[in-house]
Amino acid sequence: MGKVMLEVRNLKTKYVTRFHEDVYAVDGVSFAIEEGKSLGIAGESGCGKSTLALSMMGYYFPPLHYMSGDIIIDGQNISGMDPDTVRKTILGSEIAYIPQAAMNALNPTQKIIRFLEDVIHAHDPKKSKKEIREMAEARFAEVGLPLEALDKHAVELSGGMKQRTVIAVSTILNPKVLIADEPSSALDVTSQKLVIKMMRELMEKGHVKSMLFITHELPLLYNVTDDIMVMYAGQIVEKGSAKEMVFDPVHPYSHGLMGSILVPEEGTRGHKLAAIPGAPPNLKRPPDGCRFAERCKYATADCRYTSIPEKPFGDGRMYRCVKSLDELKEVYSHE
Amino acid sequence: MNETARVQKDFTNAPLCLSGKGVTKIFGFGDKKTVAVDHVDFAFHEGEFVSIVGESGSGKTTLSKMLLGLSNATEGEIYFQGKLRDISSGHKKKEYWKGIQAIFQDPFSSFNTFQKIDTVLLDCINMRGGKGLSKQEKFDLMSEACHFVNLEFKELTNKYPFELSGGQMQRLMIARIFLLKPKILLADEPTSMVDACSRATILDMLLNLRDETGMTVIFITHDIGLAYYISDSVYIMEHGRFVEYGKADEVILHPQAAYTKRLISDVPKIHEEWDLSTVDLKADA
């Protein structure tokens with residue numbers, strides 16, 4: 001067991017709409033990441049993946065509100081901290097975030113070096129420009145970015161290059177946890193490979209201690225992360241190692257999700273894609289019972305009314321379903 | 001997984017639906033000349049599911065615009081159902097668009113914001129010569145189209161497109177195609193902006209639509225895994241040229257061109273090791 005870098009305990013956050021209605025987007029999520037490990041989060045649009053990422057930074061701005069739970073980064077509990085302290089001491093140095101739309105994250109009127117100065121000055125106002133440039137050049141050379149990029153504007157870089165620049169900027173202070181929210185969804189396969197390679201290298205060299213990777217592309221998650229969690233309607237429905245999750249999913253939702261994998265390999269052409277019908281529930285009024293019951297092929301009356309606890313099994317795995325493992329195996333074998 | 005393997009049909013003897021000879025598009029003049037599409041030849045058969053695969057900037061979208069008649073080819077000829085395509089006047093273009101329709105990448109900008117969904121679907125019925133139908137008949141047609149794409153027409157009446165989610169909008173787009181029943185459907189990355197789960201739904205619908213109406217589907221994508229799953233034949237595009245084309249099984253499982261091999265090796269897979277060691281971070285600089 002390595003040192004636990006990030007621990008989230010029963011985190012609950014909500015959005016408040018214009019009409020003062022609460023939307024419970026993250027509802028009781030707990031997990032931990034050890035040093036040197038990476039964790040992937042999978043799930044469809046609107047299941048709360050990105051909200052979880054935002055909530056974990058401890059930096060809340062409306063309409064997102066904190067309700068309860070703990071976020072512990074390397075022994076330090078950051079939940080309930082003053083936003084200004086969080087910004088000055090936590091963001092960037094303890095926990096770093098790569099947004100989904102990294103293409104638009106860079107201010108078009110400023111040079112790349114200015115972003116680095118911004119990040120470093122927020123934590124250490126005394127650092128001189130020369131020191132910052134040295135730091136930046138060392139890091140850029142290490143991750144294979146051209147040094148000329150430092151003096152360029154964002155529009156002069158290609159999409160893949162912008163994404164890698166954003167990663168370099170947000171990890172300049174060697175954060176303990178890196179949250180990557182769909183960093184490669186907008187890129188083609190070749191640039192995606194470069195981005196992944198760069199993130200791997202940052203981890204291997206110890207600049208980034210642990211990583212949380214969010215995406216809906218399962219083959220990618222399988223190749224990048226050690227463990228995978230599947231999220232549905234604000235809750236985690238299954239957790240396990242990458243291999244177990246892809247080849248032996250237990251929960252009906254993860255089972256359906258794994259059926260939507262598309263890879264250019266022999267034999268994948270014949271089988272039918274398993275699309276899950278319907279849409280996720282409205283989180284203003286989350287269902288009492290299993291949240292997936294409405295769309296589940298195997299749902300019974302039980303599922304809809306009894307709340308379902310997390311059931312641990314095997315080697316650190318967990319799932320959330322009324323049925324037992326044997327019952328689930330039984331229903332899948334009939335397909 | 002429910003094993004209902006699709007039948008692999010042979011399309012080599014089917015009549016040609018859309019074909020081109022030496023189609024070229026050049027932007028700019030003199031020193032600033034960019035050849036976006038460079039003398040490509042293609043032949044799409046009736047009822048075939050064709051994929052055009054390439055990276056960003058390989059000229060896929062430029063080609064699709066020429067196929068749709070939205071921009072003129074600098075050189076070369078495009079044949080529609082065996083005859084040379086004529087889109088020289090607005091009237092002829094409208095005639096041509098009865099035969100070819102498109103679904104675009106961004107569902108959010110594909111609809112007129114000021115038109116209600118009823119109007120969108122009614123327009124399609126009118127375009128197919130359904131002006132004289134009774135109100136009830138039109139309603140039935142619209143319900144049928146919505147039912148085909150797993151939407152409930154009753155819930156959509158009096159709504160505007162922006163009230164729907166991205167996946168729903170993309171499905172509504174397919175409902176339009178269902179009503180219009182064109183000879184050719186050109187789909188320009190329709191699944192790149194939706195998640196993996198809605199993607200499966202949309203692909204399933206496109207396949208059903210093809211089987212039901214026998215239309216030709218030209219599917220433009222950068223995801224080679226998706227192209228392999230869905231298509232009968234695949235065209236691989238690099239720098240405005242087709243470097244390889246043929247049946248999906250042949251091209252993807254036994255690639256010949258170096259570019260195709262690289263594209264396939266760059267896709268993360270689940271049964272093989274994803275080789276990151278070949279990536280040179282500095283090569284991109």
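Two strands count as a pair if DSSP finds at least two bridges between them, and this criterion underlies the exercises below, which concern a predicted model.

**Exercise 1.** Determine which residue of strand 2 of chain A stands opposite Leu6(A), and describe how the strands around strand 1 of chain A are paired.

*Solution.* Begin with strand 1 (residues 4-16) and strand 2 (residues 22-34) of chain A, which pair in the antiparallel sense over nine bridges. Within this pairing, Leu6(A) has Ile33(A) of strand 2 opposite to it. Next, consider the connection: the two strands form a hairpin with five residues between them, and in the turn His20(A) has a positive phi of about 55°. Finally, turn to strand 4 (residues 64-73) of chain A, which runs antiparallel to strand 1 of chain A and is joined to it by eight bridges; here Thr13(A) stands opposite Tyr66(A) of strand 4.

**Exercise 2.** Work out the strand order of the six-stranded open sheet in chain B, and explain why strand 6 and strand 10 each have one side without a neighbour in the sheet.

*Solution.* The order of the strands in this open sheet of chain B is 6-7-8-3-9-10, and the pairing is mixed. Strand 6 (100-103) and strand 10 (241-247) stand at the edges with a single partner strand each, and therefore one side of each lacks a neighbour in the sheet. On average, neighbouring strands of the sheet are turned by 15° against each other, when direction is ignored. At one of these edges, strand 10 of chain B runs antiparallel to strand 9 (residues 233-238), with six bridges joining the two, and Tyr235(B) has Tyr245(B) in strand 10 as its bridge partner. As for strand 6 and strand 7 (184-188) of chain B, helix 6 (residues 166-180) of that chain lies across them, running at about 170° to strand 6.

**Exercise 3.** Find how far apart the centres of the two domains of chain B lie, taken over C-alpha atoms.

*Solution.* First take the bounds from the domain assignment, which gives domain 1 as 13-99 + 185-193 + 214-267 and domain 2 as 108-181 in chain B. The centres of domain 1 and domain 2 of chain B, taken over C-alpha atoms, are separated by 28 Å.

**Exercise 4.** Characterise the side of chain A that touches chain B, by helix and by residue class.

*Solution.* In total, 44 residues of chain A are in contact with 41 residues of chain B. Helix 5 (159-170), helix 6 (189-204) and helix 7 (218-224) of chain A each supply at least two residues of the touching side of chain A, and helix 6 of chain A gives the most, with eight residues. By class, this side of chain A has 22 nonpolar, eleven polar and eleven charged residues.

Technical notes: Residues numbered from 1 in each chain as written. Chains lettered and ligands numbered in written order. Predicted model: local features only at pLDDT ≥ 70, side-chain atom pairs only at ≥ 80, totals over all residues. Domains from an automatic or database assignment. Helix = DSSP H or I, 4+ residues; strand = E, 2+ residues; numbered from the N terminus. Axes fitted to C-alpha atoms, helices over the stretch in contact; angles between N-to-C directions. Contact = placed C-beta atoms within 7 Å. Nonpolar A, V, L, I, M, F, W, Y, C, P; charged D, E, K, R; others polar.
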